[in-house]
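Colleague: I'd like to learn how to read the empty spaces in a protein. Can you walk me through them?

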Amino acid sequence: MSAQAAEVLQGRSPRRGVRRLLPFMGPAFIASVAYMDPGNFATNIGAGSKFGYLLLWVILGASLMAMLIQHLSASLGIVTGKNLPELIRERWPKVVWPYLVQAELVAMATDLAEFIGASIAFQLLFNIPLIWGAVITAIVTFSLLTLQKRGFRPMEIAIGAFVGVIAVAYLVQLIRSSPGIEALGGFVPRFEGAKSLYLAVGIIGATVMPHVIYLHSALTQNRIKTNNDDEKRQVARMSRTDLLIAMSLAALINMSMLAAAAATFHATGRTDVGDLSVAYQTLTPLLGGGAAIAFGLALLASGLSSSAVGTMAGQVVMQGLIRFSIPIWLRRTITMLPAFAVILLGFNPTDTLILSQVILSFGIPFALVPLLIFTANRNLMGVLTSSKAVQVIGWMIAALIISLNGYLLVQTFTGA
């Protein structure tokens with residue numbers, strides 16, 4: 001594939017149209033899976049059932065923020081040949097260990113959502129105990145991760161197939177639920193109390209994912225070799241196309257989740273359907289068994305694929321920060337232990353999913369701030385240095401997320 005990309009960059013490729021883009025496609029689709037993980041299902045369905053279309057604007061805004069952030073991360077890998085954790089280690093050696101601790105906590109919160117989501121899906125589709133769904137999830141994700149040994153393309157194809165399943169399943173959901181024209185009102189920015197703000201922060205945590213900020217730079221860092229500035233610009237342009245397609249699809253799926261929940265549950269007075277199991281069971285009498293099965297399949301594809309991607313990201317962070325890696329099976333085992341604990345202790349899985357997304361939002365600044373600093377450094381980025389406008393927007397995004405998190409902390413600890 002790198003040879004095909006080289007032919008395109010050097011103007012020797014006979015490929016035209018979409019086929020010309022194919023050698024450059026893939027990294028953004030792997031990253032986009034994190035934006036469609038079970039945490040998104042929990043926050044989007046919870047928001048749609050309780051508040052109707054109110055928070056559609058939050059998904060749209062978070063998706064646009066994610067596109068910009070992932071573009072910067074991909075550019076960092078393309079131009080430097082290094083990933084974000086490696087650059088943090090090189091340039092900020094004194095913060096490596098604190099960074100590693102918070103990144104590993106975020107990785108566990110990430111895996112908690114993804115692992116529990118897939119386990120719930122197995123339980124819903126095949127009527128098996130949640131603990132056995134967790135065991136099957138572990139086995140399947142172990143198998144998925146072995147694809148890495150065959151190079152990047154098999155994993156990209158497998159992840160792309162999972163994204164296709166999610167997209168088709170939610171197309172079925174959207175058609176069955178038939179949201180009305182009133183859905184457009186959901187794009188007017190507003191909140192309705194602290195609960196809607198809590199869900200909005202959860203949506204941002206589920207949409208702007210810290211672990212894929214780290215991962216995307218690793219997916220692009222040595223994927224396609226460039227020999228000069230012109231080739232770097234070309235690869236960056238192709239990367240933007242890859243990102244636009246993948247992240248637009250992720251945004252549409254997330255908005256479809258919330259809109260379908262609003263049209264199906266909120267519109268019929270079922271404002272209490274925040275639980276994924278209840279959502280599945282309620283879909284059959286409201287929309288028919290086909291819609292419930294589509295929901296279950298989408299949740300399963302989401303959980304399995306995003307869990308594998310989360311483990312990949314954890315490896316990148318550890319190896320980049322401290323030049324140490326552990327066997328992938330061991331990392332997979334360690335990060336899935338909290339999910340097994342939640343199941344065995346009998347905690348509500350959906351409440352745990354939503355809480356994990358709020359935790360994730362607190363990890364975003366730790367990934368975003370160094371990304372903004374490094375991509376604005378002309379000595380480091382050269383021809384792909386971020387423009388002044390991008391820098392301003394990036395810092396506004398960081399300030400917004402940090403402010404929302406601070407407000408949420410005040411609300412939580414004051415009991416407001």
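Modeller: Sure, let's start with the helix α14 (helices are DSSP runs of H or I, at least four residues, numbered from the N terminus), which gives the most to the lining of the largest pocket, with five residues. This is a predicted model, where local features need pLDDT of at least 70, side-chain atom pairs count only at pLDDT 80 or more, and totals for chains, interfaces and linings use all residues. Residues are numbered from 1 along each chain as its sequence is written, and side-chain values use heavy atoms, leaving out hydrogens and water.

Colleague: What is a pocket, and what is a cavity?

Modeller: On a 1 Å grid over the protein atoms alone, a cavity is a set of points where a 1.4 Å probe fits but cannot get out, while a pocket is an open set with protein on both sides within 12 Å along at least five of seven lines; lining residues have an atom within 4 Å of a point. Here, 20 residues line the largest pocket, with Q148, A218, L219, M312 and V316 nearest its centre.

Colleague: How much space lies in the largest pocket?

Modeller: About 490 Å³, where volume is the space filled by probe spheres set on the points, joined across faces, edges and corners.

Colleague: How many cavities of 30 Å³ or more does a search of the whole structure find?

Modeller: Four. The largest cavity has about 120 Å³, and α12 (residues 229–264) gives the most to its lining, with four residues. For the second largest cavity, at about 100 Å³, the largest share of the lining is six residues from α7.

Technical notes. Helices (H or I, at least four residues) and strands (E, at least two) are DSSP runs, numbered from the N terminus.
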